[in-house]
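Thanks for coming. I have one model to go through, and I will keep it short. Please bring it up on your screens.

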Amino acid sequence: MQHSYFEIDVHALTHKGRTKEINEDHFIVAELNTSMYINETSLSLPQGSPWIGPRQGKLFVVADGLGGHPGGAEASSVAIDTLIDYLSDTMPWLLSLNANNRPNIKDELERAMRRCENRVKQVAAKNPEHKGMGTTLTLAYVLWPKLFVVHVGDSSAYLMRRGVLDKVTHDHTMAKKLIKEGRVEKSTVESSAWTSILWNVVGGYEDSLLAPEVFEATLQDGDLLLLCSNGLNKVLTDENLKEKLNAKKRAHQLCFELISEAVAEENSDDVTAIVARFTHKEERGTIPKVDSDNVTVLQGAPRKAEAS
């Protein structure tokens, strides 16, 4: 029997930049699978150890706490913690879905985003000093070959295919909103404060309404996914990103180079990048076990960036 599966080369890196005392960005790269902990058995199976089933999907998340607001780092941390809890609680339902059951998957991911929103506002309500705290949240879920992206804020998701780089999310800044509505000219707001004010975030003030943006695509062999906070694409243009991502390098090399160039700027912001390259495989027999060495996640500062 012939099986279809994918291999992934993925790496994540974050840095607080030159202008921040703390890093308000957080990220997660996670593999979703079924599991069982074997306490006792009469079978010839290892007792007192977990049994891990085949992987079901891959999760990538970047959250950037709102700068200029108390509790930015806490907001991004709470959002991702809540997301983990939600997906763990709904895991049987989520894993029973297949890639063709798109409406239910999107509904579940949007519901997860709203759970994060509620939790961040609950935490803020308990601490008056954190009133209005919020975070961006860009989530990508891969159930091969389907890609689902749910997004709020001005972090970004990019998809590169055969050398062409597409930004698949929109920045939810007031500047972009005013331009889209035809209320101002692009040239009048490009350098204004409106470019750093978000109208769509996880958390924020009590009367703010969450409006998740959803994108889906069918992944192909060789596709590359980039998730990043705006500390990256404020410094590197889409053309710069395209040039760097087109290089035939491993994910950890691409991540390091992207972050290093971003933090080399004197006024660099905190910055996070997740780079994932997908390879489609066909094999006869059983599906091979996941090689944990194929997934490398690093959180820290590149030496080169610190030295500059």
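In which loop does R162 lie? It is the loop between β7, residues 156-161, and β8, residues 164-167. Keep in mind throughout that this is a predicted model. R162 is not a glycine, yet its phi is positive, at about 50 degrees. Its relative accessible area is 71%, so R162 is exposed.

A second backbone item is a proline. The peptide bond from W144 to P145 is cis, and omega is near 5 degrees. P145 also sits in a loop, this one between β5, residues 137-143, and β6, residues 146-152.

Now the overall numbers. The chain has nine helices and 12 strands. It runs to 308 residues, of which 46% count as buried. If you take contacts between residues at least 6 apart in sequence, 75% of them join residues at least 24 apart. The exposed area of the chain is about 15,800 Å², with 49% of that supplied by carbon and sulfur atoms.

On to the helices. Helix α1 covers residues 72-89. At 1.5 Å a residue, its 18 residues should span 26 Å, and the end C-alpha atoms are indeed 26 Å apart, so the two values agree. The buried residues of α1 include A75, V78, A79, L83 and L87.

Helix α8, residues 251-263, gives a similar check: 13 residues, 18 Å from first C-alpha to last, close to the expected 18 Å. Among its buried residues are L254, C255, L258 and I259.

What does α8 pack against at about 150 degrees? The partner is helix α7, residues 238-245, and the two axes are 10 Å apart. Over 145 degrees counts as roughly antiparallel, and α7 and α8 are therefore described that way relative to each other. The crossing of α7 past α8 is right-handed. On the α7 side the contact is made by L241, K244 and L245; on the α8 side, by L254, L258 and E261. Two of those α8 residues, L254 and L258, are also on the buried list for that helix.

Last residue: N230, which is found in helix α6, residues 230-233. Is N230 buried or exposed? Its relative accessibility is 12%, so N230 counts as buried; the cut-off for buried is under 20%. Leaving out residues up to four places away in sequence, N230 touches D64, D154, S155 and D269.

That is what I had.

Methods:
Residues are numbered from 1 along each chain as its sequence is written. This is a predicted model: local features need pLDDT of at least 70, side-chain atom pairs count only at pLDDT 80 or more; totals for chains, interfaces and linings use all residues. Side-chain values use heavy atoms; hydrogens and water are left out. Helices (H or I, at least four residues) and strands (E, at least two) are DSSP runs, numbered from the N terminus. Buried means under 20% relative accessible area, exposed over 50%, partly exposed in between (1.4 Å probe, protein chains only). Contact means heavy atoms within 4.5 Å. Accessible areas come from the Shrake-Rupley method with a 1.4 Å probe; for residues, only the protein chains shown count as cover. The expected span of a helix is 1.5 Å times one less than its number of residues. Axes are lines fitted to C-alpha atoms, for helices over the stretch in contact, and angles run from 0 to 180 degrees between N-to-C directions. Angles under 35 degrees count as roughly parallel, over 145 as roughly antiparallel, 65 to 115 as roughly perpendicular and the rest as oblique. A crossing is left-handed if the near helix is turned anticlockwise from the far one by less than a right angle, and right-handed if clockwise.
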